[in-house]
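Reader: I'm new to this one. Could you walk me through how its labels are earned?

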Amino acid sequence: MNQTSTTIKSLNNLIEYSTDFRFQRRANFKQLHVALIKHFFNSTSVVLDIDHQQVCLGVDMIERGAEVCIEYTNFTKFLKSCVRDTPENHTFYQNVLHYYSRTEAVA
């Protein structure tokens, strides 16, 4: 398995771990979720509403800002859909993995 696929697999594992809401976690995974969504949509802000299964994004438009709300049915799948296997994204993903490997051990 090459470095690229290992990074994506590890990130998907972290997403699964972080979205298992049955347990209290030491790490602040909301920060992870917001970072992944912001990165993918290139948004200026992200508001998560887990209870209503909705994500609201602040996006820059020509000379104005706008808010876009996205509804989802499965938060884990939504976050995984925000992961793109491109060379441009790998540094960001590796930094995320490095941060969370130091914050909390992830299986």
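Reader: Why is Lys-80 called partly exposed?

Author: Lys-80 has 26% relative accessibility. Buried means under 20% relative accessible area, exposed over 50%, and partly exposed in between (1.4 Å probe, protein chains only), so Lys-80 counts as partly exposed. Keep in mind that this is a predicted model, where local features need pLDDT of at least 70, side-chain atom pairs count only at pLDDT 80 or more, and totals for chains, interfaces and linings use all residues. Residues are numbered from 1 along each chain as its sequence is written, and side-chain values use heavy atoms, with hydrogens and water left out.

Reader: What makes Lys-80 and Glu-16 a salt bridge?

Author: The term asks for a side-chain nitrogen of Lys or Arg within 4 Å of a carboxyl oxygen of Asp or Glu. Here the N to O distance is 2.3 Å, so the pair fits the rule. The two sit 64 residues apart, Lys-80 in helix H3 (residues 75-81) and Glu-16 in helix H1 (residues 3-18). Helices here are DSSP runs (H or I, at least four residues), as are strands (E, at least two), numbered from the N terminus.

Reader: And why does Glu-16 count as partly exposed?

Author: Glu-16 comes out at 41% relative accessibility, so partly exposed is the label.

Reader: How do you know whether His-33 is buried or exposed?

Author: His-33 is at 3% relative accessibility, so buried it is. This residue belongs to helix H2 (residues 29-41). Beyond neighbours within four places in sequence, His-33 is in contact (heavy atoms within 4.5 Å) with Ser-18, Thr-19, Phe-21, Leu-48, Phe-75 and Leu-79.
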